[in-house]
Amino acid sequence: MTSFAEPVLSTSLCTCPCRRKPLILPLYTKYSSLRLVSDNTKPLFRSGLARVSLKRRLLTAVARAESDQFGDDDNSKGIDRIHHDLQNVEDKQKKASQLKKRVIFGIGIGLPVGCVVLAGGWVFTVALAASVFIGSREYFELVSSRGIAKGMTPPPRYVSRVCSVICALMPLLTLYFGNIDILVTSAAFVVAIALLVQRGSPRFAQLSSTMFGLFYCGYLPCFWVKLRCGLAAPALNTGIGRTWPILLGGQAHWTVGLVATLISFSGVIATDTFAFLGGKAFGRTPLTSISPKKTWEGTIVGLVGCIAITIILSKSLSWPQSLFSSIAFGFLNFFGSVFGDLTESMIKRDAGVKDSGSLIPGHGGILDRVDSYIFTGALAYSFIKTSLRLYGV
């Protein structure tokens with residue numbers, strides 16, 4: 001007779017009475033996580049919150065216990081099927097957890113960034129300089145971790161640290177002087193001399209990766225300062241400016257630079273979001289081997305989404321006035337976003353890492369979050385300065 005503490009489970013698929021042997025399993029307490037699943041995937045017995053790891057051990061034990069009744073072949077297939085099903089469950093739970101992290105931290109980052117963009121001036125520039133410093137550190141760590149090219153000797157540590165400081169100073173100097181071309185050229189010349197006179201055997205790969213780091217991490221982000229703070233012409237037709245509190249600057253606070261920066265940021269976010277959703281829904285054709293998960297279908301959806309968001313915001317903020325200019329501005333934001341993303345993917349691929357860092361949970365490092373913005377600021381500023389009559393007002 002079976003004791004009360006040991007329930008009898010008969011899960012054998014065989015209908016022959018002589019083969020229906022009961023499977024004895026110990027009873028778990030009310031605090032345990034027990035879930036036995038039959039072949040039709042419905043729970044036979046459940047108590048508390050089920051854990052995947054306990055499922056795996058318990059169901060494997062059940063499958064092995066059944067081996068006396070089915071034979072080794074059936075047992076092996078059953079265990080493989082159980083492991084495969086539980087692995088799918090674990091993968092889905094992991095992806096859901098990562099998505100939840102991305103959403104939470106995305107919102108947590110997005111709100112402060114929006115406030116910094118609205119503030120402008122030194123607040124915007126100092127925040128940008130801090131991001132540039134962290135991003136440049138990540139870049140030179142990627143270069144030093146394995147070398148961007150196979151067999152390459154990375155730049156000396158002191159050169160990498162000096163370059164990170166130079167990159168962080170560039171946005172500050174841009175706001176103060178307006179034009180830093182001479183300063184950037186002088187800094188690059190000094191760094192090049194330091195590399196050439198170092199001990200050992202200087203390599204061209206060291207020089208090229210360092211010069212690109214100064215350009216990529218330092219010089220290009222400065223265009224966001226020129227865009228946000230340099231284009232100080234008032235956006236006279238922007239409706240929100242008329243109701244903006246005087247204590248916060250009034251209508252004069254809403255400049256072409258502020259409106260253009262908000263639209264550019266929104267365009268980049270729309271590109272990433274729509275491309276991700278489009279790739280999940282329709283993605284079939286790989287875009288490039290640099291980033292295998294990106295598809296042509298997702299990229300096209302991202303382009304449409306970016307242009308649509310740009311047009312909507314342009315009509316809401318009454319800038320730029322021309323529909324053609326809005327479409328062109330949206331296309332440039334899309335192109336800068338995709339190009340920046342692929343450039344950083346290429347750097348990480350050659351460095352042999354998945355993320356540039358681990359600063360932001362669920363997102364990776366700073367470079368993983370701002371890669372789409374690095375080239376976009378330069379394209380947006382150049383478009384407004386050269387192609388829009390009266391800055392599009």
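## Cavity lining

The residues lining the largest cavity split into 1 nonpolar, 2 polar and 3 charged. This is a predicted model. The lining consists of Arg-137, Phe-140, Glu-141, Ser-144, Arg-157 and Ser-160. Two elements each give two or more residues to this lining: helix H4 (121-145) and helix H5 (157-177). H4 gives the most, with 4 residues.

How much space lies in the largest cavity? The volume is about 30 Å³. The count of cavities of 30 Å³ or more comes to 1.

## Chain overview

The protein chain has 393 residues, and 40% of them count as buried. Its secondary structure comes to 14 helices and 4 strands. The chain exposes about 21,900 Å². Carbon and sulfur atoms supply 65% of that area.

Contacts across the sequence can be split by separation. Take those between residues at least 6 apart in sequence: 65% of them join residues at least 24 apart.

## Annotated transmembrane regions

An unreviewed UniProt entry places the feature "transmembrane region" at residues 103-134, 176-197, 209-227, 254-277, 298-317 and 323-342. Two of these spans are described here.

Residues 176-197 are 82% helix and 0% strand. The end C-alpha atoms of this span lie 33 Å apart. Residues 298-317 are 100% helix, again with 0% strand. Here the end C-alpha atoms are 28 Å apart.

## Thr-310

Thr-310 sits in helix H11, which covers residues 296-317. Is this residue buried or exposed? Thr-310 is buried, because its relative accessible area is 1%, and buried means under 20%.

Which residues does Thr-310 touch, leaving out those up to four places away in sequence? The partners are Ile-263, Ser-326, Phe-329, Gly-330 and Asn-333. UniProt's "transmembrane region" annotation from the unreviewed entry offers a way to place them. Ile-263 belongs to the annotated span 254-277. Ser-326, Phe-329, Gly-330 and Asn-333 belong to the annotated span 323-342. Thr-310 itself belongs to the annotated span 298-317.

## Summary of the picture

The cavity lining draws on helices H4 and H5, with 3 charged residues in the lining. Thr-310 lies in H11 and is buried at 1% relative accessible area. Its contacts include Ile-263 and Asn-333.

Definitions and conventions:
Residues numbered from 1 in each chain as written. Predicted model: local features only at pLDDT ≥ 70, side-chain atom pairs only at ≥ 80, totals over all residues. Heavy atoms only, no water. UniProt positions renumbered as here; feature names shortened; annotations may be inferred. Buried < 20%, exposed > 50% of the residue type's maximum accessible area, 1.4 Å probe, protein only. Contact = heavy atoms within 4.5 Å. Areas by Shrake-Rupley, 256 points an atom, 1.4 Å probe, with all protein chains shown as cover. 1 Å grid on protein atoms, 1.4 Å probe; cavity = no way out; pocket = protein on both sides within 12 Å on 5 of 7 lines; lining within 4 Å. Points joined across faces, edges and corners; volume = space filled by probe spheres on them. Nonpolar A, V, L, I, M, F, W, Y, C, P; charged D, E, K, R; others polar.
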